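Work through the exercises below with the coordinates open. Try each task before you read its solution.

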Amino acid sequence: MTMVGTTAAVRALDDALADCTAGQLRTVLVEGPTGCGKSSVLHAVIERAGAAGAVVLCAVGTPAERATPLGVLRQLAGGDRRLTLPPTPCAPAGVQDDTADGDGGGGATAGAGAGAGVPRMEDMQAFCLRLRELSAQAPVVVCVDDVHDADDASLGFVQYLARHARAARILVVVTGCLHHEKARHAFTTELMRQPAFRRIVLGRLTPQRAAALAEAAGRGADAAFLYETSGGNPLLLRALLQEQPSPGREVEVDGPFTQAVGACLHRAGPRALAVARACALLQDAADEAQIAELLTLPGPAVAQQLAALAAAGLSEGVRLRHPALRAAVVHDTPPAQRAALHRRAAALLHRRRPAMEAARHLLAAAACESRPHTATAAETEVLCEAAESRLAHDDGAQALALLELAHRECADAQQREAVALRLARVSWRVNPAAAERRLAGPLAALDAGTPAGEHAQPLAQLLLLQGRLSTAAHLLGEPDSTTQPPDPGAETGASALDVMLDAGAPAAERLLRSATLTEATLGCLVQVLHCLLWSEHPERAVPWSRALAQDAEERGAPGWSAVFATVHAQALLRLGDLAGAATLAEKALSLLPERHSGAFPYAATAVLVRAHDAMGHYTEASRHCDRPLPPGLLESLHGLAFLRARGLHHLTGNQPQAALADFLTLGRILAHRRLDRPAYLPWRTDAAQALRELGRPQQAERLALQQLALPDARRPWVRGLSLHQRALAAAPGAGSRRITLLEQAVEELHRSGDRLATARAMADLGQHTQSEGNAPMKGTATVRAAWNLARECGATTLCKEILPDAPLADTVRGRPHDTTDDRLEHRLSSSEQRVATLAAQGLTNREISAKLYLTVSTVEQHLTKVYRKLHISGRGDLPMDLALGGPTSHTTTPALAHPTANI
C-alpha cells in the first residue's frame, strides 16, 4: 500500500501503464476518502492511456445499477465495438439484453432472481479471451470507478480477468471509497492475491499543500481559513476557491461549497450521509451511542461511518469540524427528513438532557414542516418545561416561542387551555396586547358555560392585571353585577378595587420588600403599587415603581417595564409633576409593540392626555383623545381612566356638555360594576365642575355633597376635591362660608400630596379672598403662591388662568418627585418648614403665630432663615411643595432608601 497525493498516484499509474505496454498484466486499486481525488486520478489515466494508443474500457458503479447484473460489464463492452457479451444462461428465458451492439453476435442476458449475479464460467473465459486478443494489437486499460457500487456479476468478470490474463498487455484499475458501507472486501482481497497488484491510498491535503493551492489561486492570506473549513479535502477546497468566501463572509446557502459537501456525503453512502446528518442535528449532544439510537444502526456501523467522515476531513470525532460544514449538511437534508430527525432527537434527548436541548429540536422540526403537526403529550411537556427554564434565565422571547409552539400543536383541550393561560402570563413580559388576546379562548369558554376549574385563579390574576375587575370577580364566584344590580342595603364583600384602595401603605411596602418580580407575582406587585398610589402617601409609589421598572428593563422584559413605567407616570401625575408624568407615559407606550391595541395602553394614554392639557399642549392631548374607543375598553379600569381623562380634556377645551356626558357615563359604569370609589375615579366632582360651567350650581353642589357623604371622603384627596367643588358651587352671598370651605380644601389637598389640585384650590381661595375685601393682601399672596406652585408643576394652563400677564419663561417644568431639590444648601428644620408652609399658603405672620402657638418674632426669625436657605427674597417666592413635606418630599424616605433590596 502506498499513501500518496493525486500527482504521485498518477505517476504510479503511468508506471503501471508502462509495465502493461511491455506485456505484463497490472492490477491497481485506488482507494481514498470521498472527495479526495480518486475519480480525478482515474480520468488522468484514461486520458494518458488513450493518448498512448491503448484501448480504454471504462465503467462507473452506481447505487441505482448495483442490483442490475452485468451493468458494469455492459459499460466496459460499450467502449469497443469489437467486444460482445455472450448470453448468460442464468437469466430467465425471454429477457434479452437491450444494449446489444449492431455487429450481431447476441446480447447479454440480464438475469434476475436466484443465481442472477453468478456468471457462467464459459462466458468469463470468452470475455477474457477477447480482451487478450485485443491486447495483442494495443494495450488494454480496464477502468472501473466506484467499484463498491458495481454489480456482483460484473465483478466476477473483472476478477477472472485479473487471474487469467497475466501474460497480456492489460491494465485493470479500480477505485473504491475507504470505509464505505458497501465495500467489496472479498473482491479487493482477491485482487490483492495477484502478484502484479498494487494498492494506492489517497489522502487529504496537508496544510502546506493546501496553502500552496490557495497561494496559486491568489488566496494565500486566507489559507488557514480555507484549510480549516475544507479539512484538507481537495473537492471542498476547490469549491471554496471557486466561491471565494472569507473569514468574515459565510458560504452561500446553495453555493459551490454546499453542493460539494452534498456530493461528498452522497458518494460516501447512505449510512455515512445519515450519520453526518445526525452529527449536524445533535451537535454538542452527539455521541456514538446516541447517533446509533437515533438512526437505529448498530454501534460498529456508526463507528465505521464516523471514520469515513473523519478521513474525508468532514468531522472530528462525532462533531462536524466547521460550522459551514454543518450548515451545508443541514441544507442538504430534505425538510421532511430533517423534521423527522429533529423529532426523534427530541424524544431521545428528553430522557437524558435538559429540556431546552430537546425543545430546540421541536422548534427546528416545526420550522421544517409544511403541514401542521399534532404534538404528543410528551412533546408539549418538553416545550413547557423548556419555556420555564428560559424564563429562569429571563429569556422571555425564547419562552414565548416555545409556549406558542406548544399551544399551536397541542391536541388535548385541557392541556391546551393551561398552555394558553401560561402563554398569556408570559406575554406580559413583551406584549401586553398579545396577552389580552390570549385570553379570548378561555373567556369564550366561560361565556359558553364551561367552568374554569383549576384555571380560575391564574385567569383571574390575568384579568386583574388587565383592569377587568368585574370579570375576575365573577370568575372567582363573587356576585355578577351585570346580572344582579347592586342593592344599597345588602352586605357585599370587598372587591379587588376595595382591597387595593384600603390595604394601606405600610402593608403594601412590607409586601414589596419581600416580593420578587416574576410572572406569578406581576399582578400582585402592580396591585400593591396601586395601593400606594391611591393611599394617603402617593409619593411612596414613585421609588418602588421606578425600581421595578429598572429591574424589568435589566431583565429584558419591555412589557413589564411598560407596566411599571405607567404606574410611575400615574404617581407623578398624582403628585403634580406634569412633564415627568408625560415623559414616563410616553416611554411606557414606546415599549409596547402594539401601543393602540388592547386596554392596557389606555392607562398611559390617560396620563398623557391630562398632563398635556395641564401643560397647555392642547393639540397633543387632542391627538390622543380623538379616536374611537375599541370594543370592550370600558370593561377595564384602564379604559375608565381614559374616559375620565377625555372628559377633563373636554373641560379644558370649553366643552362642558361633552365632558358631563363622559363623567355621567363613567359614574353609571362604576356603580353598575360595584366599583364606585372616588378615591380612584372622583367622577362626581368632575361632573360638578362641568355642571357649574353649564350654569347649574345647585346640581354641582349636590354631587359634591354626595361625594362628601361617601366613606372615601375621609381621605384628604377626596375630601379636598369635594370641598373645593362645594365651595365653588355655593350660593351667592355665602362668601365667608365659601372661603372657609376653600381653606379646608387647600389644607386637605396639601395633605394629599396633589400639588396641581392644591394650586387650583389656592388660586380660587386667593381670588375669593381678594373679592371679599376682608384681607386683600392675604388674597394677593395666596394667588401668587398658587401661581408659583402651578409653575413648579409645569401647569402652563393654570398659570395663565391665575395670573394671565405673569411671565412664564422661568417656569419649572415637572421637577421629578424622586430627585433631590438642588436649591437647598441645608435642610429646613421642622419648625421652619411648618412656618414656610403656612406662609406659602398666604397666611400673615400673626395668623401663623396663632396657628402654631409661636411668637410673631419667632415666626419672623424662621422666615428669615428660610429665605436665606432657599435663596429667595420673600414669601411670594416660597415654593408650595414645602407644604408637601418640604425638601423631604423630593427625597427618598429612609424606609425607601433601597427599595430594590429584596426585588
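**Exercise 1. Backbone outliers in loops**

Is Q283 buried, partly exposed or exposed? The model is predicted, and its backbone angles are to be read as such. Locate Q283 and R674, then describe their phi angles and accessibility.

Solution.
- Step 1: place Q283. It sits in the loop between α11 (270-282) and α12 (288-295).
- Step 2: classify its exposure. The relative accessible area of Q283 is 38%, so Q283 is partly exposed.
- Step 3: read the backbone. Q283 has a phi near 50°, a positive value in a residue other than glycine.
- Step 4: recall the background. Most residues other than glycine have a negative phi.
- Step 5: turn to R674. This residue is in the loop between α33 (656-672) and α34 (683-693). Its phi is near 60°, again positive in a residue other than glycine. With a relative accessible area of 27%, R674 is partly exposed.

**Exercise 2. Two helix pairs**

Describe how α9 packs on α10, then treat α28 and α29 likewise.

Solution.
- Step 1: choose the descriptors. Two packed helices are described by the angle between their axes and the distance between the axes.
- Step 2: apply them to helix α9 (residues 234-243) and helix α10 (residues 256-268). Their axes come within 8 Å and cross at roughly 165°.
- Step 3: assign the orientation. Angles over 145 degrees count as roughly antiparallel, and α9 and α10 are therefore roughly antiparallel to each other. The crossing of α9 and α10 is right-handed.
- Step 4: list the contact. From α9 come L235, L236, A239, L240, Q242 and E243; from α10 come P256, F257, A260, V261 and C264. Sorted by type, the residues of this contact are nine nonpolar, one polar and one charged.
- Step 5: move to helix α28 (residues 558-575) and α29. The angle is about 165°, with the axes 8 Å apart. That makes α28 roughly antiparallel to α29. This crossing is left-handed.
- Step 6: list the second contact. α28 supplies A562, A565, T566, H568, A569, L572 and L573, while α29 supplies L578, G580, A581, L584, A585 and A588. The split here is 10 nonpolar, three polar and no charged.

**Exercise 3. Aromatic pairs**

How many aromatic pairs does the count come to? Characterise the pairs F127 with F157 and W428 with F600.

Solution.
- Step 1: count. The total is four aromatic pairs.
- Step 2: take F127 and F157. The centres are 5.7 Å apart, with 90° between the planes, and the pair is edge-to-face. F127 lies in helix α4 (residues 121-137) and F157 in helix α5 (residues 152-164), 30 residues apart. Both rings belong to buried residues, F127 and F157.
- Step 3: take W428 and F600. This pair is edge-to-face too, at 5.5 Å centre to centre and 75° between the planes.
- Step 4: trace the chain. W428 is in the loop between α19 (413-427) and α20 (432-438), and F600 is in the loop between α29 (578-590) and α30 (601-615), so the pair ties together parts 172 residues apart in sequence.
- Step 5: check burial. W428 has 0% relative accessibility and counts as buried. F600, at 4%, is buried.

**Exercise 4. An arginine in a helix**

Which residues does R644 touch, not counting residues up to four places away in sequence?

Solution.
- Step 1: locate R644. It belongs to helix α32 (residues 637-652).
- Step 2: test exposure. The cut-off for buried is under 20%. R644 has a relative accessible area of 8%, so R644 is buried.
- Step 3: name the contacts. R644 touches R610, F663, L666, L681, P682 and D686.

Note on methods
Residues numbered from 1 in each chain as written. Predicted model: local features only at pLDDT ≥ 70, side-chain atom pairs only at ≥ 80, totals over all residues. Heavy atoms only, no water. Axes fitted to C-alpha atoms, helices over the stretch in contact; angles between N-to-C directions. Helix = DSSP H or I, 4+ residues; strand = E, 2+ residues; numbered from the N terminus. Parallel < 35°, antiparallel > 145°, perpendicular 65-115°, else oblique. Left-handed = near helix turned anticlockwise from the far one by under 90°. Contact = heavy atoms within 4.5 Å. Nonpolar A, V, L, I, M, F, W, Y, C, P; charged D, E, K, R; others polar. Phe/Tyr/Trp six-rings, centres within 6.5 Å; stacked < 30°, edge-to-face > 60°. Buried < 20%, exposed > 50% of the residue type's maximum accessible area, 1.4 Å probe, protein only.
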